[in-house]
There are 2 protein chains.
Amino acid sequence: MDHVARIQQEWARERPDVDVAPAGVIGRLHRVAGHLTERLCLVYRRFGLAEGEFDVLATLRRAGAPYERAPGELAAHTMVTTGAMSKRIDRLEQAGLVTRRPSESDGRGRVVALTTAGLELIDAAFTEHMANERRLLDALAPEDAERLEAILTTWLAVFELPVGEPPT
Amino acid sequence: MDHVARIQQEWARERPDVDVAPAGVIGRLHRVAGHLTERLCLVYRRFGLAEGEFDVLATLRRAGAPYERAPGELAAHTMVTTGAMSKRIDRLEQAGLVTRRPSESDGRGRVVALTTAGLELIDAAFTEHMANERRLLDALAPEDAERLEAILTTWLAVFELPVGEPPT
DNA sequence: ATAATATAGCTTCCAAGGAAGATATATCCT
DNA sequence: AGGATATATCTTCCTTGGAAGCTATATTAT
């Protein structure tokens with residue numbers, strides 16, 4: 001019996017009037033997510049990065065040469081506010097991993113770009129990161145992993161629009 | 001195509017040497033978890049609580065009368081440090097929802113207990129919270145929800161010992 | 001053309017939690 | 001019994017991100 005099952009048991013005793021079955025999914029999902037985050041952060045830290053900083057570098061890297069994005073784009077891609085993104089960029093700029101310059105196409109805007117050092121670092125870090133994710137996922141049987149991906153894809157679609165659709 | 005699939009596509013173009021399949025699960029799991037947290041926090045806020053504070057009150061409630069626990073126990077149950085727990089208890093004590101007194105059985109320890117107001121609040125909040133979780137989970141077909149729970153249970157066991165087992 | 005409204009990105013204030021450290025007590029070893 | 005070590009809880013310092021606010025620019029409405 002795991003921790004979540006114990007919790008459900010206790011609620012059944014204390015509040016038998018309440019349906020606590022959903023906690024079996026949502027509680028475990030949050031706990032797994034927390035553990036995964038801990039494990040992922042171990043690799044980030046080996047490259048001197050926090051989770052948020054890794055996200056920024058990775059987003060710039062997968063944008064392809066010249067590895068540039070506007071701060072607002074970066075914020076939208078990584079689910080944080082523009083304020084938090086500004087601070088992440090500050091930190092990465094300070095570390096010499098990105099540069100920031102005014103945008104040519106929008107007088108209000110900025111362009112954030114990977115430096116050579118930033119590109120080298122994220123390439124190495126990403127390789128390790130994905131190996132880490134592979135190890136974590138391999139704790140599941142392949143058919144479980146497949147089914148999990150399918151179910152999560154369905155559930156995620158409840159919260160997010162497909163990419164490329166206009167908002168309704 | 002969802003955001004995670006787009007990300008995988010971009011990595012396939014930029015780093016075809018790296019296996020990015022695990023991101024299909026881990027990326028989506030984190031995004032779903034983030035969305036669930038947002039939705040859950042809406043209900044907490046209706047009762048004037050933050051996520052951490054709700055967790056503490058709920059843990060005390062399900063302990064059963066007299067709704068008491070030591071701070072260290074609370075910290076272990078809710079996956080935060082004792083420092084963070086101390087501050088949560090501070091906030092709840094300030095709000096008149098819990099009391100803190102020296103422990104009778106350990107001179108170093110404290111006992112945290114629900115007040116009458118705390119008990120009333122968490123009973124109401126928990127009912128709404130579980131209805132919220134039920135609504136969120138009902139976005140999935142029942143057989144998907146069942147399979148998801150089974151898979152998450154398997155995966156969680158990789159990270160956590162069963163309850164009641166001594167550490168090896 | 002001009003005014004009203006919206007937006008991009010940064011700054012400041014605030015909140016929450018981690019890490020390190022401090023004090024008092026409990027437990028273990030000799 | 002006394003000293004060494006471990007533990008419970010709180011406090012302080014630091015980090016990160018959200019919310020609110022600000023300035024400059026862009027877009028929309030008249």
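This text walks through a predicted model of two protein chains and two DNA strands. Residues are numbered from 1 along each chain as its sequence is written, while chains are lettered from A and ligands numbered from 1 in the order in which they are written. In this predicted model, local features need pLDDT of at least 70, side-chain atom pairs count only at pLDDT 80 or more, and totals for chains, interfaces and linings use all residues.

Start with the two copies. A rotation of 180° with 0.0 Å of shift along its axis places chain B on chain A, with an RMSD of 0.0 Å. The copies are therefore related as by a two-fold rotation axis. The superposition is by least squares on the C-alpha atoms of residues with pLDDT of at least 70 in both. Of the interface residues of chain B, 100% are also interface residues in chain A, so the copies meet through the same surface. Contact here means C-beta atoms, placed from the backbone, within 7 Å.

Now turn to DNA strand D. Around it lie 24 residues, each near by having its C-beta atom, placed from the backbone, within 6 Å. A:Gly52, A:Gly83, A:Gly107, B:Gly72 and B:Gly83 come nearest. Helix 5 (82-94) of chain A gives two or more residues, as do helix 4 (71-77) and helix 5 (82-94) of chain B. Helices are DSSP runs of H or I, at least four residues, numbered from the N terminus. Helix 5 of chain A gives the most, with 5 residues.

DNA strand C is also surrounded by 24 residues. The closest are A:Gly72, A:Gly83, B:Gly52, B:Gly83 and B:Gly107. Here helix 5 of chain B gives the most, with 5 residues.

Terms used: Contact = placed C-beta atoms within 7 Å.
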